[in-house]
Amino acid sequence: LVADFEALVNIPAEELEEWLATRESRSVGAEGPDGESVGHASGRRIVELLRKDPGDYDAADLEHMRKVRSYIKRHLAQRPDGDVSRTRWRYSLLNWGHDPLR
């Protein structure tokens, strides 16, 4: 699970944090109860995980990694045709820590 998470999340913590501060990041995803999109909230959690020592992962961390792995794999299978560089599809994946252009 951890190896999958590390392979799929291909954006460093600092870069993901910068992305999450953009208008584009906040423009995609299903809105959660607090007004923040589920993917955006997940991105903030991923930043925490990337900065955490793997020896300190707890059950909640591993559960979020499972969620991230499932989302990224499912979303990658739905890749649209053509240039995806400025698409909602890519922006959503970026929120989840994966840049399909890398």
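Reader: Let's start with Arg44. Buried, exposed or partly exposed?
Author: This is a predicted model, and in it Arg44 counts as partly exposed, at 42% relative accessibility.

Reader: Which residue does Arg44 form a salt bridge with?
Author: Glu36. The closest N and O atoms of that pair are 2.8 Å apart.

Reader: And Glu36, buried or exposed?
Author: Glu36 is buried, with a relative accessible area of 14%.

Reader: OK, next door. What does Arg45 form a salt bridge with?
Author: With Asp61, and there the closest N and O atoms are 2.6 Å apart. Arg45 sits in helix α4 (residues 38-51) while Asp61 sits in helix α5, so this pair ties together parts that are 16 residues apart in sequence.

Reader: How much relative accessible area do those two have?
Author: Arg45 has 22%, so it is partly exposed. Asp61 has 2%, which makes it buried because the cut-off for buried is under 20%.

Reader: Switching to Arg66. Where's its salt bridge partner, Glu63?
Author: Both lie in helix α5, three residues apart, about one turn of the helix. The closest N and O atoms of Arg66 and Glu63 are 3.4 Å apart. Arg66 is partly exposed at 36% relative accessible area, and Glu63 is partly exposed too, at 46%.

Reader: How many salt bridges does the count come to?
Author: Ten. There's also a network of salt bridges, which links Glu15, Arg90, Asp99 and Arg102.

Reader: New topic: helix packing. At what angle do α5 and α6 pack?
Author: About 165 degrees, with the axes 10 Å apart. Helix α5 covers residues 59-76 and helix α6 covers residues 88-95.

Reader: So roughly parallel or roughly antiparallel?
Author: Roughly antiparallel. The reasoning is simple: the angle is about 165 degrees, and angles over 145 count as roughly antiparallel.

Reader: Left-handed or right-handed crossing?
Author: The crossing of α5 and α6 is left-handed.

Reader: Which residues meet there?
Author: From α5 you have Tyr71, Ile72, His75 and Leu76, and they meet Trp89, Ser92 and Leu93 of α6.

Reader: How many of the contact residues are nonpolar, polar and charged?
Author: The contact of α5 with α6 has five nonpolar residues, two polar ones and no charged ones.

Note on methods:
Residues numbered from 1 in each chain as written. Predicted model: local features only at pLDDT ≥ 70, side-chain atom pairs only at ≥ 80, totals over all residues. Heavy atoms only, no water. Axes fitted to C-alpha atoms, helices over the stretch in contact; angles between N-to-C directions. Helix = DSSP H or I, 4+ residues; strand = E, 2+ residues; numbered from the N terminus. Parallel < 35°, antiparallel > 145°, perpendicular 65-115°, else oblique. Left-handed = near helix turned anticlockwise from the far one by under 90°. Contact = heavy atoms within 4.5 Å. Nonpolar A, V, L, I, M, F, W, Y, C, P; charged D, E, K, R; others polar. Salt bridge = Lys/Arg side-chain N within 4 Å of Asp/Glu carboxyl O. Buried < 20%, exposed > 50% of the residue type's maximum accessible area, 1.4 Å probe, protein only.
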